[in-house]
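Please look over the structure below with its sheet, its pocket, its cysteines and its backbone in mind. The report takes these topics in turn.

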Amino acid sequence: MDELIFLGTGDSMGVPRVYCDCEICQEARTTGVNRRYRSSVMLRTREGDLLIDCGPDWVAQMEHLGERFMKTALITHAHFDHIAGMPEWADACRWTGEKGDVYSPPEVLDTICDQFPWLPRQLQFHPITAEGILFGGWTIEPHLMCHGKNGTSYAYRLTKGDMRVGYCSDAINLDPDQKRFLINLDILILGTNFYYEEADFHSRSVYDMVEAMELLQEIQPRRVYFTHMGHGVDLQANYELPNQVTLARTGMQIQLDQH
């Protein structure tokens, strides 16, 4: 049976923040319930594994999995917290002598190569069109999403048989077309930096949980996992979320059983 594994559920800076002594960061340094690597999931299939995003915690995430090599990754957008592990992945490919495969829409791959021009020596880049790709029996389609003040990011819709999964880690203020891409999902993985964010809406780049719950009323997914959570979110708190909503934790596994 296929599954998704949460390798990271943190926002762009992760938790704890090195400079911060808030209760949540202090807890993350001790018992570690709130310790969060940068957001990433692994799709595990019988035909192989697909990593979604390769951020700066990639080495720790691979160690957590007990893996020594990774063949394939899918990238949502070219921000540091989603691609900064790629040079280390490329170095692993150099030492093992096996090239990795990177999938993303063309402009994302172009930005990655501009930032890390040596990566194509070890990683093969494959542009994705609107039709998407096939991996492990899954059809994976991209859709451009509003990322607020940070520009844009891609969400992915994964379909296999009658199972439909959406991955949308970095988005806010979605328009009707973007919302339609997330309708009729069995599972939605959605980024929510805070429970309630006090900063001005137009200065932000990711939903908070209050806003996300309004979105869920519109698109009605069966199950929801919040990810991309900052140090304003305490996994031990009771946020009185709907029954179908779960705060994702490092190492959490979702079985992708079909109906």
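Two strands count as paired if DSSP finds at least two bridges between them, and the strands themselves are DSSP runs (E, at least two residues), just as helices are runs of H or I with at least four residues, each numbered from the N terminus. The model is a predicted one, in which local features need pLDDT of at least 70 and side-chain atom pairs count only at pLDDT 80 or more, while totals for chains, interfaces and linings use all residues. Residues are numbered from 1 along each chain as its sequence is written, and side-chain values use heavy atoms, with hydrogens and water left out.

**The sheet**

Seven strands form an open sheet with mixed pairing, in the order β7-β8-β9-β10-β11-β12-β13. At its edges stand β7 (133–135) and β13 (245–247), each of which pairs on one side only. From one strand to the next the twist averages 25°, where axes are lines fitted to C-alpha atoms and angles run from 0 to 180 degrees between N-to-C directions.

Strand β12 (residues 223–227) runs parallel to β13 and is joined to it by three bridges, and Tyr-225 has Thr-246 as its bridge partner in β13. Strand β11 (residues 187–191) is also parallel to β12, with five bridges joining the two, and here Ile-189 stands opposite Tyr-225. Four of the five residues of β12 are buried, so that the strand is mostly covered; buried means under 20% relative accessible area, exposed means over 50%, and partly exposed lies in between (1.4 Å probe, protein chains only).

Ile-140 belongs to strand β8 (residues 138–146) and is buried, with a relative accessible area of 0%. Its C-alpha lies 9.4 Å from that of Val-165, although the two are 25 residues apart in sequence.

**The largest pocket**

The largest pocket holds about 250 Å³ of space. A pocket is an open set of points on a 1 Å grid over the protein atoms alone, with protein on both sides within 12 Å along at least five of seven lines, and its lining residues have an atom within 4 Å of a point; the volume is the space filled by probe spheres set on the points. Of the 19 lining residues, Ser-12, Lys-149, Asn-150, Asn-193 and Ser-205 lie nearest the centre. The lining divides into four nonpolar, eight polar and seven charged residues, where Asp, Glu, Lys and Arg count as charged and Gly is among the polar ones.

**Cysteines**

With a disulfide taken as a pair of cysteine sulfur atoms within 2.5 Å, the count comes to zero. Two cysteines are set out here.

| Cysteine | Nearest cysteine sulfur | Relative accessible area |
|---|---|---|
| Cys-22 | Cys-20, 3.5 Å | 25%, partly exposed |
| Cys-25 | Cys-22, 3.7 Å | 0%, buried |

**Backbone geometry**

Most residues other than glycine have a negative phi, and most peptide bonds are trans. The bond from Val-15 to Pro-16 is cis, with omega near 10°, and Pro-16 sits in the loop between β1 (3–8) and α1 (23–29).

Asp-53, which is not a glycine, has a positive phi of about 80°; Asp-53 is found in the loop between β3 (48–52) and α2 (58–65) and counts as buried at 0% relative accessibility. His-228, likewise not a glycine, has a positive phi of about 55°, lies in the loop between β12 and β13, and counts as buried at 3% relative accessibility.

Methods
On a 1 Å grid over the protein atoms alone, a cavity is a set of points where a 1.4 Å probe fits but cannot get out, and a pocket is an open set with protein on both sides within 12 Å along at least five of seven lines; lining residues have an atom within 4 Å of a point.
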